[in-house]
Amino acid sequence: MDKHIELSYCCFEAFKVLAKNYLDLESHKLFARIDNLLEETKMTPADVAENLMPKSAEEDGEACLVRLIKALEEAKAKAEEEARVKAKEEAKAKAEEEAKVKAEEQEKLKVEKEKEANGKEGIEINGVVKENG
């Protein structure tokens, strides 16, 4: 059996808990920047924790926070690019739909004009022109 659990993205309060657990930091000058980026970016708590974990014994808390900031900025840039591409695709699809509607309207007008012309001049059937109506 599969079980799906929907988890929210990491907020600043969750980040502070992770920073305390992984880095033993309750505050830092970089927290304000991280707070802003977390509001603008969707990142899971697991991804935040991965960036907060020291990769070596020499790595301090600030280095981990800088790595997290870099990851958040990259995620933000990627999301912005995806939004630009999506907007461009939607604009293209809208333009194509408008062109299709316009072409259909023009074809409809052409057919109506042809019907009108046939009504005035008559219709040719087997080489004989008959008045319409």
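**Figure 1. Aromatic pairs in the predicted model.** A search of the whole structure, which is a predicted model, finds three aromatic pairs. In one pair, the ring centres of Phe-15 and Phe-31 lie 4.9 Å apart and the ring planes stand at 75 degrees, so the arrangement is edge-to-face. This pair links distant parts of the chain, since Phe-15 belongs to helix H1 and Phe-31 to helix H2 (residues 31-40), with the two positions 16 residues apart in the numbering. Phe-15 and Phe-31 are both buried. Ring pairs also join Phe-12 to the group, giving a cluster of Phe-12, Phe-15 and Phe-31.

**Figure 2. Packing of helix H1 against helix H3.** Helix H1 (residues 12-23) and helix H3 (residues 45-52) pack at an angle of about 35 degrees, and their axes are 10 Å apart. The crossing of H1 past H3 is right-handed. On the H1 side, the contact is formed by Phe-15, Leu-18, Ala-19, Tyr-22 and Leu-23, which meet Pro-45, Val-48, Ala-49 and Leu-52 of H3. By class, the contact comprises nine nonpolar residues, with no polar and no charged residues. Phe-15 thus appears in two views, as a member of this helix contact and as a member of the aromatic cluster.

**Figure 3. Asp-24 in the loop between H1 and H2.** Asp-24 is located in the loop between H1 and H2. The phi angle of Asp-24 is near 55 degrees, a positive value in a residue other than glycine. The relative accessibility of Asp-24 is 54%, and the residue therefore counts as exposed, the cut-off being over 50%.

**Figure 4. Ile-69 of helix H4 and its partners.** Ile-69 is placed in helix H4, which spans residues 61-121. With a relative accessibility of 11%, Ile-69 counts as buried, because the limit for that class is under 20%. Leaving aside residues up to four places away in sequence, Ile-69 touches Leu-30, Arg-33, Ile-34 and Leu-37. For one of these partners, Ile-34, the C-alpha atom is separated by 6.2 Å from that of Ile-69, although the two residues are 35 apart along the chain.

**Figure 5. Surroundings of Lys-76 in helix H4.** Lys-76 lies in helix H4 (residues 61-121) and is partly exposed, with a relative accessible area of 24%. Apart from residues up to four places away in sequence, Lys-76 touches Leu-37, Glu-40 and Thr-41. Leu-37 is also among the residues touched by Ile-69. The C-alpha atoms of Lys-76 and Lys-42 are 7.9 Å apart in space, whereas the residues are 34 apart in sequence.

**Figure 6. Glu-40 and Thr-41 opposite helix H4.** Glu-40 belongs to helix H2, while Thr-41 lies in the loop between H2 and H3. Glu-40 is partly exposed, with a relative accessible area of 46%; Thr-41, at 6%, is buried. Thr-41 touches Leu-72, Ala-75 and Lys-76, not counting residues up to four places away in sequence. Leu-72 also serves as a reference point for Glu-40: these two residues are 32 apart in sequence, and their C-alpha atoms are 8.9 Å apart.

**Figure 7. Cysteine residues in the model.** The structure holds zero disulfides. Cys-11 takes part in no disulfide, and the nearest cysteine sulfur, belonging to Cys-10, is 6.0 Å away; a disulfide would require the two sulfur atoms to be within 2.5 Å. Cys-11 has 42% relative accessibility and counts as partly exposed, whereas Cys-64, at 0%, counts as buried.

**Figure 8. The protein chain as context for the close-up views.** The protein chain contains four helices and two strands. From the N terminus on, these elements run in the order α-α-α-α-β-β. Of the 133 residues in the protein chain, 20% are buried. Among contacts between residues at least 6 apart in sequence, 60% join residues at least 24 apart.

Note on methods. Residues are numbered from 1 along each chain as its sequence is written. This is a predicted model: local features need pLDDT of at least 70, side-chain atom pairs count only at pLDDT 80 or more; totals for chains, interfaces and linings use all residues. Side-chain values use heavy atoms; hydrogens and water are left out. Buried means under 20% relative accessible area, exposed over 50%, partly exposed in between (1.4 Å probe, protein chains only). Axes are lines fitted to C-alpha atoms, for helices over the stretch in contact, and angles run from 0 to 180 degrees between N-to-C directions. A crossing is left-handed if the near helix is turned anticlockwise from the far one by less than a right angle, and right-handed if clockwise. Contact means heavy atoms within 4.5 Å. Ala, Val, Leu, Ile, Met, Phe, Trp, Tyr, Cys and Pro count as nonpolar, Asp, Glu, Lys and Arg as charged, and the others, Gly among them, as polar. Rings of Phe, Tyr and Trp (its six-membered ring) pair if their centres lie within 6.5 Å; planes under 30 degrees apart count as stacked, over 60 as edge-to-face and the rest as tilted.
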